[in-house]
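User: I'm new to reading protein models and would like to learn how the labels are assigned. Could you walk me through a few?

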Amino acid sequence: MEKPVAKIAAVSVSLGAQSVISDISFQILPGQLTAIVGPMGSGKTSLAKALAGRLFRTGDVWFESRNPDKRAYVMLVDQQHQFKNRSNLSEFYLQQRFNSSDCEDAYTVEEELKDLEIGEWVSLFELEGLLKRPMIQLSNGENKRLQIVKSLAYQPDWLILDNPYVGLDVKGREILTKGLRSLQAKGIHFILISSPGDVPDYINQIIELPASHAEESKPEPLLRNLDSFDVAVKMEKVQINYGAKTILQDFSWEVNRGERWAIKGPNGAGKSTLISLITADNPQAYSQNITLFDRKRGSGESIWDIKRKIGYVSPELHLYFKEGGTCFSVVASGLFDTQGLFKRLSEEQKAQVTHWMQVMGIAHLAERSFVQISGGEQRMVLITRALVKNPELLILDEPCQGLDRIQTERLKTVLDYLAANSEMTLLYVSHYDRDVPSCVNQTLELKRL
């Protein structure tokens with residue numbers, strides 16, 4: 001019998017009075033590449049933090065060290081990335097990445113890595129071409145690789161990677177896999193935290209966590225009469241630049257009422273920029289020939305006139321969503337397009353929020369603090385926030401990141417129901433065809449310039 005390189009025995013984690021992980025045990029043998037998987041809310045991230053010593057736990061945890069005289073150095077690479085700009089601020093807002101002045105205030109990748117002992121890791125994780133790029137403009141996959149390289153500068157014995165494959169295109173997954181496989185050759189162990197559907201082929205041991213709550217009953221989605229318009233989105237010869245970098249060039253596109261589009265393309269092809277022009281988050285929209293809901297941008301409408309008709313969720317919105325209230329209040333804030341609930345709800349509005357939380361299977365989270373639930377649960381809350389007002393235009397940018405298959409299928413079923421029973425217009429961004437609902441029948445393919 002080979003001697004294990006890691007032993008986890010009877011580990012339990014609680015957050016306040018809430019038990020998150022109970023009596024988890026497993027071991028890792030030499031040559032085993034391990035992924036910890038489980039449904040949304042099963043405690044994967046909490047277990048990752050506990051194993052890395054960042055969350056109080058009971059039970060025993062032991063990891064082998066390359067130096068037998070020292071305790072193993074274990075580092076967690078979070079799913080959500082954090083960094084500071086030249087003004088020494090780490091609190092950012094959604095629109096910031098689209099403002100050229102804020103890009104100038106952001107450190108470049110090269111500056112972020114300055115004075116770190118990173119050796120050949122920049123090459124192995126293919127960051128050479130990104131060294132002059134402002135941090136705030138990196139895609140999700142690029143930022144994930146950067147965070148891993150920064151962690152490796154501290155020469156850890158073990159890395160625990162929280163959902164590193166989430167939101168990556170095919171090329172990004174290939175680059176990340178190549179980089180992670182190179183860790184083995186250098187004696188660095190790693191554990192993946194993953195949704196079951198995102199486990200890469202090279203993993204040869206899977207530790208599955210049980211579901212944390214029983215399945216809820218699902219009422220039908222609410223419907224309402226939508227405002228009248230013919231064209232939801234029309235763009236003519238749009239040109240978007242950030243400094244010397246061109247994101248969209250001579251771009252034209254039209255989305256009519258009731259159409260349902262998939263938006264595809266590799267990381268960095270401009271999908272987030274395109275969406276930001278529609279959601280009124282990109283200041284360059286005012287200088288472009290863009291029509292929303294039959295009205296040309298810059299003709300007197302306010303941002304709130306636009307947002308009133310749009311339900312929206314994206315990885316960026318999730319990253320910068322700072323509301324610390326209950327999940328019920330986060331969903332309710334979607335009625336007013338605010339980050340935070342600043343108005344008293346009517347009884348009808350309270351019932352509307354409760355109904356949609358039941359539809360999406362998150363009624364059990366109503367009184368939980370948004371910041372204390374898992375990333376996948378947060379994503380479901382934000383999706384429900386986008387749906388709660390039955391918007392004329394629903395924009396879902398990589399909505400299934402961090403969701404398990406049950407929740408992904410639930411979302412697809414809800415969208416198919418809305419499409420069959422209303423004239424909702426849908427823009428759906430995803431790298432994976434399996435995550436796209438069957439109601440989507442048109443495709444926009446963006447290419448990296």
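**How the labels are earned**

User: What makes α11 and α13 oblique to each other?

Analyst: Happy to help, and keep in mind that this is a predicted model. Helix α11 (residues 347-359) packs with helix α13 (residues 405-421) at an angle of about 120°, and their axes are 11 Å apart. Roughly perpendicular covers 65 to 115 degrees and roughly antiparallel begins over 145, so α11 and α13 count as oblique.

User: Which residues make that contact?

Analyst: W356, Q358 and V359 come from α11, while R410, V414 and L418 come from α13. They divide into 4 nonpolar, 1 polar and 1 charged.

User: Why is N225 called exposed?

Analyst: The cut-off for exposed is over 50% relative accessible area. N225 has 73% relative accessibility, so N225 counts as exposed. You will find N225 in the loop between β8 (205-208) and β9 (231-242).

User: How do you know that E392 and R224 meet in a salt bridge?

Analyst: The rule asks for a side-chain nitrogen of Lys or Arg within 4 Å of a carboxyl oxygen of Asp or Glu. For E392 and R224 the N to O distance is 3.0 Å, so the pair fits the rule. These two residues are 168 residues apart in the chain.

User: Are E392 and R224 buried, exposed or partly exposed, and why?

Analyst: Buried means under 20%. E392 has 1% relative accessibility, so E392 is buried. R224 has a relative accessible area of 33%, which makes R224 partly exposed.

Notes. Residues numbered from 1 in each chain as written. Predicted model: local features only at pLDDT ≥ 70, side-chain atom pairs only at ≥ 80, totals over all residues. Heavy atoms only, no water. Helix = DSSP H or I, 4+ residues; strand = E, 2+ residues; numbered from the N terminus. Buried < 20%, exposed > 50% of the residue type's maximum accessible area, 1.4 Å probe, protein only. Axes fitted to C-alpha atoms, helices over the stretch in contact; angles between N-to-C directions. Parallel < 35°, antiparallel > 145°, perpendicular 65-115°, else oblique. Contact = heavy atoms within 4.5 Å. Nonpolar A, V, L, I, M, F, W, Y, C, P; charged D, E, K, R; others polar.
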